[in-house]
Amino acid sequence: MHGSPHIVGDVMTRTVATVVRGAAFKDIVRTMQERKVSALPVLDAADRVIGIVSEADLLPKEEFRDSDPDRYTQLRRLSDLAKAGSVTAGELMTSPALTVGAGATLAQAARAMARAKVKRLPVVDHAGRLEGVVSRADLLKVFLRDDKEIAEEVRREVVAYLFPGPASTVRVEVRDGVVRFGGRVRDTSLVPVAARLVRAVEGVVDVEFALDEPDRSAD
């Protein structure tokens, strides 16, 4: 029923800082500093994403630089200790990388980020080649959508669908992304359905109802 949702390709950043598998530790740090990012996709010779190297992958080198961890720490943090001794992106990276396609919806990308607890995802084509990167900030851009545009979509896609005809006098107002319904509906059982559909409209922050009592005179 709704218009096509925004997809990752609509909001992603297409110019991406990357490193190759053989990139040296200091080159990785330098690239992160210069590009002001906390993670870098690692690419092979065909521009396919083979991993991600992040600040978290680099920190063990400093953490264990002048320490002699006990046996318990060695057993508990084998991966970090291995990274403390690593010197290239290929040794440091997390692989395989979690990626997303440009055609994925923003909701799908948001769920993937939340589940993996990451701040950004490389965007790849069908062959795994890098096309861009999408961040949490990119996904939030949808909430900058104009209130008037949201109201028009709600009237067109929700009100006209659920409450057609003269029996309904539904008013829709949107302010700061909050959709407010007023007026009268004949079938109040549809109100929860309307709320669910409106929350699916991109840019909607919340839904409120202040409806009049239904008119039963026509029953």
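Trainee: Which helix lies across E4, E5 and E6, and at what angle does it run to E5?

Mentor: Helix H7 (residues 106-116) lies across the three strands, running at about 130° to E5. Please bear in mind throughout that this is a predicted model.

Trainee: What makes E4 and E5 a pair of strands, and in which sense do they run?

Mentor: Pairing requires at least two bridges between the strands. E4 is joined to strand E5 (residues 120-124) by 2 bridges, and the two run parallel; the requirement is therefore met. Within this pair, Val100 stands opposite Val123 of E5.

Trainee: How do you know that E5 and E6 also pair, and in which sense?

Mentor: There are 5 bridges between E5 and E6, in the antiparallel sense, and at least two are needed, so these strands also count as paired. Pro122 has Val133 in E6 as its bridge partner. The hairpin of E5 and E6 has 5 residues between the strands, and there Gly128 takes a positive phi near 85°.

Trainee: Why is the pairing of this sheet called mixed, and what is the strand order?

Mentor: The order of the 3 strands is E4-E5-E6, in an open sheet. E4 and E5 run parallel, whereas E5 and E6 pair in the antiparallel sense; the pairing is accordingly described as mixed.

Trainee: What makes E4 and E6 edge strands?

Mentor: Strand E4 (100-101) and strand E6 (130-135) each have a single partner strand, so one side of each is without a neighbour in the sheet. As for E5, 4 of its 5 residues are buried, so E5 is largely enclosed by the rest of the structure.

Trainee: Why is the aromatic pair of Phe181 and Phe209 called stacked?

Mentor: The structure holds 1 aromatic pair. Its rings, those of Phe181 and Phe209, are 4.9 Å apart centre to centre, with 15° between the planes. Ring centres must lie within 6.5 Å, and planes under 30 degrees apart count as stacked; both conditions are met, so the pair is called stacked.

Trainee: Which parts of the chain does this pair tie together?

Mentor: Phe181 belongs to strand E8 (residues 178-184) and Phe209 to strand E9 (residues 206-211), so the pair links parts that are 28 residues apart in sequence.

Trainee: Why is Phe181 called buried, and why is Phe209 called partly exposed?

Mentor: Buried means under 20% relative accessible area, and partly exposed covers the range from there up to 50%. Phe181 has a value of 2%, so it is buried. Phe209 has a value of 31%, so it is partly exposed.

Trainee: How do you know that the buried residues of helix H2 lie on the same side?

Mentor: In helix H2 (residues 25-35), the buried residues include Phe25, Ile28, Thr31 and Met32. They cover an arc of only 130° around the axis, so they lie on the same side of H2. The face turned away from that buried side carries the exposed residues Lys26, Gln33 and Glu34.

Trainee: What does Thr31 of H2 touch, and what lies 2.8 Å from a polar atom of its side chain?

Mentor: Not counting residues up to four places away in sequence, Thr31 touches Ala17 and Leu40. The backbone oxygen of Asp27 lies 2.8 Å from a polar atom of the Thr31 side chain. That distance is within the 3.5 Å limit for a polar contact.

Trainee: What makes the phi values of Asp47 and Lys117 worth noting?

Mentor: Most residues other than glycine have a negative phi. Asp47, in the loop between strand E2 (39-43) and strand E3 (49-54), has a positive phi near 65°. Lys117, in the loop between H7 and E5, has a positive phi near 55°. Lys36, just after H2, takes a positive phi of about 55°.

Trainee: Why is Asp47 called partly exposed, and why is Lys117 called exposed?

Mentor: Exposed means over 50% relative accessible area. Lys117 has a value of 71%, so it is exposed. Asp47 has a value of 43%, which places it in the partly exposed class.

Trainee: How do you know that the peptide bond joining Ser95 and Pro96 is cis?

Mentor: Its omega is about 0°, and the bond is classed as cis. Most peptide bonds are trans. Pro96 is placed in the loop between helix H6 (89-92) and E4.

Note on methods: Residues are numbered from 1 along each chain as its sequence is written. This is a predicted model: local features need pLDDT of at least 70, side-chain atom pairs count only at pLDDT 80 or more; totals for chains, interfaces and linings use all residues. Side-chain values use heavy atoms; hydrogens and water are left out. Contact means heavy atoms within 4.5 Å. Axes are lines fitted to C-alpha atoms, for helices over the stretch in contact, and angles run from 0 to 180 degrees between N-to-C directions. Rings of Phe, Tyr and Trp (its six-membered ring) pair if their centres lie within 6.5 Å; planes under 30 degrees apart count as stacked, over 60 as edge-to-face and the rest as tilted. Buried means under 20% relative accessible area, exposed over 50%, partly exposed in between (1.4 Å probe, protein chains only). The arc is that of the directions from the helix axis to the C-beta atoms. A polar contact is a pair of N or O atoms within 3.5 Å; within protein, one must be able to donate a hydrogen and the other to accept it, and residues adjacent in sequence count only if both atoms are side-chain atoms.
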